[in-house]
Amino acid sequence: MPTIPACPQCTLENTYPDGDNYVCADCGYEWPIAAEAAGEAAMVVRDSNGNLLANGDTVVVIKDLKVKGSSIPLKQGTVIKNIRLVEDDAEHIEGHSDKIKGLVLKTCFLRKA
């Protein structure tokens, strides 16, 4: 028997299936059963403008960013080539700039080139 997931809103485990939805008995939140089945396979990564990002894309930094562990900031307009998507995280990508290697950047500060 498949396990019923905890509520994504209140994180309590008092949930039950009701037709095509799961329902949380504590907070009343409802979400589709199909969304749970799709799970991580449906993870979509988007830049700050809403464009889809994929492995190997080139992105541009949209504002100056301080980089932890480095005295060199990333300036607006810096190009990050050949990005890699972070597994299980739609808000971060990995990449390299010309001067700084091994960057992990939030997608809200990037736009697709």
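**View 1. Threonine 107 and its contacts in the predicted model.** Leaving aside neighbours within four places in sequence, threonine 107 is in contact with Val45, Arg46, Asp47, Ser48, Leu53, Ala90, Glu91, His92 and Ile93. To place this residue along the chain, look at the loop between β7 and β8. Is threonine 107 buried or exposed? Its relative accessibility is 7%, so threonine 107 counts as buried, because buried means under 20%.

**View 2. An open sheet of 5 strands.** Following the sheet across, you meet the strands in the order β7-β6-β5-β4-β8, with antiparallel pairing. Which strands stand at the edges? They are β7 (103–106) and β8 (110–112); each has a single partner strand, so one side of each is left without a neighbour in the sheet. On average, neighbouring strands of this sheet are turned by 45 degrees against each other, direction ignored.

**View 3. Strand β6 beside β7.** Here β6 (residues 92–96) pairs with β7 in the antiparallel sense, over 4 bridges. Try finding glycine 95, which stands opposite leucine 103 in β7.

**View 4. A cluster of Tyr22, Tyr29 and Trp31, linked by ring pairs.** The count of aromatic pairs comes to 2. In one, the rings of tyrosine 22 and tryptophan 31 have centres 5.6 Å apart and planes at 45 degrees, so this pair is tilted. The pair of tyrosine 29 and tryptophan 31 is stacked, with 5.7 Å centre to centre and 20 degrees between the planes. How well covered are these residues? Tyrosine 22 and tryptophan 31 are both buried, and tryptophan 31 has a relative accessible area of 5%. Tyrosine 29, at 32% relative accessibility, counts as partly exposed.

Notes
Residues are numbered from 1 along each chain as its sequence is written. This is a predicted model: local features need pLDDT of at least 70, side-chain atom pairs count only at pLDDT 80 or more; totals for chains, interfaces and linings use all residues. Side-chain values use heavy atoms; hydrogens and water are left out. Two strands pair if DSSP finds at least two bridges between them. Helices (H or I, at least four residues) and strands (E, at least two) are DSSP runs, numbered from the N terminus. Axes are lines fitted to C-alpha atoms, for helices over the stretch in contact, and angles run from 0 to 180 degrees between N-to-C directions. Buried means under 20% relative accessible area, exposed over 50%, partly exposed in between (1.4 Å probe, protein chains only). Contact means heavy atoms within 4.5 Å. Rings of Phe, Tyr and Trp (its six-membered ring) pair if their centres lie within 6.5 Å; planes under 30 degrees apart count as stacked, over 60 as edge-to-face and the rest as tilted.
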